[in-house]
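Trainee: Could you walk me through this structure, a few residues at a time?
Mentor: Gladly, let's take a look together.

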Amino acid sequence: MNKNIFFKVINSDKLYIKLSLFLFVLYIFSIFLNLNYVPLILEEPRRILVALEMLFHNNYMVTTIFNETWYDHPPLWNIVLATSAKIFGSESEFAFRFPCALSLLLTGILIFFTGKKYVSIKFGILSAFFYLISADLYFFYSTIAEIDIFFSLLILLSILSIFYFFEKENMYLLFLSTYFFGTLAFFTKGVVALVFVGITLLTYFIYKRKFIKLFSFAHILSFCLSIGAIVTYFYYYSLQEDVYTYILDMWSLTQNKTSASGNNPFIGLIKHLFTFPLNLVGNLFPATLLLLFIFNKKAIAKIKNHKYIYFLVLAFFFNFIIYWISAGARMRYTYMFYPMVISVLVYIFTFHFSKKSTLLTIYYTILKVIMIIICVAIFVLPFISYVKVNPNITSLSITFGLLLITCLLFSLKTTNPWNKNLFIISFFIVTRLAYSSIVFPIKAIKSSSGLYKKQAKEIALITKQNPIYLLSQESIKEHKKIPFDFYKTAAYLEMQGTRIDKIKSIDKKGYYILRTIDLEKNLLPIYTFTIKKEELNLIKLE
């Protein structure tokens, strides 16, 4: 009898909403857990330097590194990072990684509400969760202080505004909201933002046979307000710095991200055309498996017959193709497409819930095998020497292993397809919790980037937050020319409140950092350290 009650409960339609709310809370905990553990990687140090120097100089318009103008992306993302540092304090990596994780969460919420409005609440929940647990975002890019998820959120808001207000037949709000979010996206990553806006507007209005509306006063007004905001920014920028160089460098940065590199650009383009869509599909996992259900005539017909879903297809295809033919494009530039693709896949997937399907059997079997492998792997971890640096590895392995087995068993015993997929999603949320609890502390110890954090602490003990002058003749105009990679250590110094200014000569009292080859005989180092085979020295001029 108890067994019957159990099966009745886990297959109940009422459980779907309650389980969704529980998983949402668990998800929030998972994306913020231990974000401060892993040392800074990739472009994090550079972005953090820019954000902190905004606070040091109280200038949120001109971006700098070591008090030298840094001609790069517009400043909005750096302002977001600086604001987070003011709220949480700049000493921890968490403050700078919080906005990226929050952007992922907000994108998921946006997917839920649009899916709920135009399809159903169940669809909204499932499509949102499949996006939120997509492997590339959930397990990596949402854990670092990168720009792309935030930028993608703004682009998605701009694109969805087109459909939302078109359905309401309100052209003023359509164009105003689309250009509002597009302009914010421009202030995040530059001119590419307006390309998204232009392509989507042109595509959808041609499809709806409303092309003439693009010449309406509402569109012209919105476009002019957007351009006016951008021109105003550049005007005030020109009062402080060389705006011509800034615009040229911004444009160059955009071109470099789309053009092929290497000795044979043509071969690079051919390779890109083949691998880029495959990488996109792989990064969507576990939603990748939903492709099983898309390749049939009935699926295509269902997509065409639903206004919202077909809009997503149009917006995706005509925007994605630009990146597909741009050999220099990186997968992280396409994060705004993930919600579109996943929503379409989930929409077709749910049509198979009402019938027995061989494709469903294949889908669940593949997931079952993957989940079993993960369960086995987590119990094996304590026997791997590399992992033993985590002192809690045995207890964490047992705890999360049992939780994963529980999620697996619930997914196997549930016949209600909506609930079944939520239990599958719960498995991946627990996997992320395990990842954050086990892997992040290991990275804190093993990561090669930990060296820079250690160097910064040792330097800070000597300088006691007094300013440091970086002696260098090198320009920081290009990424590769940031003086001898010192910026990786400098980010941690500035996080602790130490200001660093780049200078070309030793002409005042204070602390200096310089290369050994620049060290004069009468200057004795008080601390010596190495970054990528370059020996650097800290000296004090009395």
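**Cores, rings and loops**

Mentor: To start us off, Y363 touches F130, L289, L290, L292, F293, F349 and N421, leaving aside residues up to four places away in sequence. Please keep in mind that this is a predicted model.

Trainee: Thanks! Which residues touch the most other members of the largest nonpolar core?
Mentor: That core holds 178 residues. Y363, whose neighbours include F130 and F349, is one of the residues you want. The full answer is F66, Y363 and F486.

Trainee: Where does F66 lie, and what is its relative accessible area?
Mentor: F66 is in the loop between β1 (64–65) and β2 (68–69). Its phi is near 55°, a positive value in a residue other than glycine. Buried means under 20% relative accessible area, and F66 is buried at a value of 0%.

Trainee: What other core lies apart from the one of 178 residues, and how many residues does it have?
Mentor: Look for L471, I503, L523 and I539, which are among its members. This other core lies apart from the largest one, and its size is seven residues.

Trainee: Is L471 buried or exposed?
Mentor: L471 lies in strand β3 (residues 468–471). Its contacts, not counting residues up to four places away in sequence, include F484, I503, I506 and L514. The relative accessible area of L471 is 9%, and the cut-off for buried is under 20%, so L471 is buried.

Trainee: What distance separates the C-alpha atoms of L471 and F379?
Mentor: Along the chain, these two are 92 residues apart. In space, their C-alpha atoms are separated by 51 Å.

Trainee: Now for the rings: why is the pair of F276 and F320 stacked, tilted or edge-to-face?
Mentor: A search of the whole structure finds 66 aromatic pairs. In this one, the ring centres are 5.6 Å apart and the planes are at 20°. Planes under 30 degrees apart count as stacked, so the pair of F276 and F320 is stacked.

Trainee: Which helices hold F276 and F320?
Mentor: Both residues are buried. The pair ties together parts that are 44 residues apart in sequence, because F276 and F320 lie in two helices: α13 (residues 265–283) and α15 (residues 307–324).

Trainee: Which ring has the charged end of K302 over it, and which has that of K420?
Mentor: The charged end of K302 sits 4.9 Å from the centre of the ring of F351. For K420, the distance to the ring centre is 4.9 Å, and the ring is that of Y364. Your two rings are F351 and Y364.

Trainee: Which backbone oxygen does the side chain of S90 reach?
Mentor: S90 is in the loop between α4 (76–88) and α5 (93–118), and is buried, with a relative accessible area of 16%. Beyond four places in sequence, S90 touches L52, A85, F96 and M495. At 2.9 Å, its side chain reaches the backbone oxygen of M495.

Trainee: What is the peptide bond from F285 to P286, cis or trans?
Mentor: P286 is in the loop between α13 and α14 (297–304). Omega of the bond from F285 is near 10°, and the bond is cis.

Trainee: How much of residues 72–225 is helix?
Mentor: UniProt, in an unreviewed entry, lists this span as "domain: Glycosyltransferase RgtA/B/C/D-like". Its end C-alpha atoms lie 24 Å apart. Strand makes up 0% of the span, and helix makes up 78%.

Note on methods
Residues numbered from 1 in each chain as written. Predicted model: local features only at pLDDT ≥ 70, side-chain atom pairs only at ≥ 80, totals over all residues. Heavy atoms only, no water. Phe/Tyr/Trp six-rings, centres within 6.5 Å; stacked < 30°, edge-to-face > 60°. Helix = DSSP H or I, 4+ residues; strand = E, 2+ residues; numbered from the N terminus. Buried < 20%, exposed > 50% of the residue type's maximum accessible area, 1.4 Å probe, protein only. Lys NZ or Arg CZ within 6 Å of the ring centre and 35° of its normal. Polar contact = N/O pair within 3.5 Å; in protein donor to acceptor, adjacent residues only side chain to side chain. Contact = heavy atoms within 4.5 Å. Core = buried A, V, L, I, M, F, W, Y, C linked by side-chain atoms within 4.5 Å. UniProt positions renumbered as here; feature names shortened; annotations may be inferred.
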